[in-house]
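Colleague: I have a model open and would like a close look at a single part of it. Pick one residue, tell me where it sits and what surrounds it, and give me the wider fold as well.

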Amino acid sequence: MTNLPDPREAMFVSERPWGSFQQFTFNEPTTVKVITVEPGQRLSLQTHALRAEFWQVLDGPIDVTVGERTWSAQPGEQVWIPVGTRHRMGNSAEVPGRVLEVGYGEFDEADIVRLEDDYQR
């Protein structure tokens, strides 16, 4: 496993007169995605050796597995996936669901270790 600084130390909410902003990362290598999961679909159960991930559910609910825990994450819910932890997201709802994903560390699709995969990849 990689010795990454804990990126959650840079995460905070700042209140301003006009509202607020939420900071997820500060001056470190990150990859940011918005993932759309179609109804009835799910990503592979996977791990990464080179990156941690932070998810914020934008719309949903989204079915989430982290480690041995599985639950229905609601819009606005935040999920932390440490380096090397098995994880998956899926959508058992009837409409597409979206998740903001921030990957901390080296991003490389070859770093995905698929433990289970509905698409035989």
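Modeller: The protein has eleven strands and zero helices. Keep in mind that this is a predicted model. Read from the N terminus, every entry is a strand: β-β-β-β-β-β-β-β-β-β-β.

Start with the overall dimensions. The C-alpha atoms fill a box of roughly 50 × 35 × 20 Å along the principal axes. The radius of gyration is 15 Å, and a compact globule of 121 residues would have one near 14 Å, so the two agree. Of the 121 residues, 39% count as buried. The protein exposes about 7000 Å². Carbon and sulfur atoms supply 52% of that area.

Now the contacts within the chain. Take those with a sequence separation of 6 or more. Residues 24 or more positions apart account for 75% of them.

The residue I would pick is Gln-46. It lies in strand β4, which covers residues 45-48. Is Gln-46 buried or exposed? Its relative accessibility is 9%. Buried means under 20%, so Gln-46 counts as buried.

Look next at the polar partners of its side chain. The side chain of Gln-46 makes a polar contact with the side chain of Ser-44, at 2.8 Å. Another polar contact, of 3.1 Å, joins the side chains of Gln-46 and His-48.

Then look further along the sequence. Leaving out residues up to four places away, Gln-46 touches Thr-85, Arg-86 and His-87. It also touches Ile-112, Val-113, Arg-114 and Leu-115.

For the wider fold, turn to one of the sheets. An open sheet of four strands runs in the order β3-β10-β5-β8, and its pairing is antiparallel. Its edge strands are β3 (30-37) and β8 (78-81), each of which pairs on one side only. From one strand to the next, the twist averages 20°.

One pairing in this sheet can be followed down to residues. Strand β5 covers residues 51-59 and runs antiparallel to β8. Four bridges join β5 and β8. Gln-56 stands opposite Gln-78 in β8.

To put the close-up together: Gln-46 is buried, at 9% relative accessibility. Its side chain has polar contacts with the side chains of Ser-44 and His-48. Its contacts farther along the sequence include Thr-85 and Leu-115.

Key. Residues numbered from 1 in each chain as written. Predicted model: local features only at pLDDT ≥ 70, side-chain atom pairs only at ≥ 80, totals over all residues. Heavy atoms only, no water. Helix = DSSP H or I, 4+ residues; strand = E, 2+ residues; numbered from the N terminus. Buried < 20%, exposed > 50% of the residue type's maximum accessible area, 1.4 Å probe, protein only. Polar contact = N/O pair within 3.5 Å; in protein donor to acceptor, adjacent residues only side chain to side chain. Contact = heavy atoms within 4.5 Å. Pairing = 2+ DSSP bridges. Axes fitted to C-alpha atoms, helices over the stretch in contact; angles between N-to-C directions. Rg over C-alpha atoms; globule rule 2.2 N^0.38 Å. Areas by Shrake-Rupley, 256 points an atom, 1.4 Å probe, with all protein chains shown as cover.
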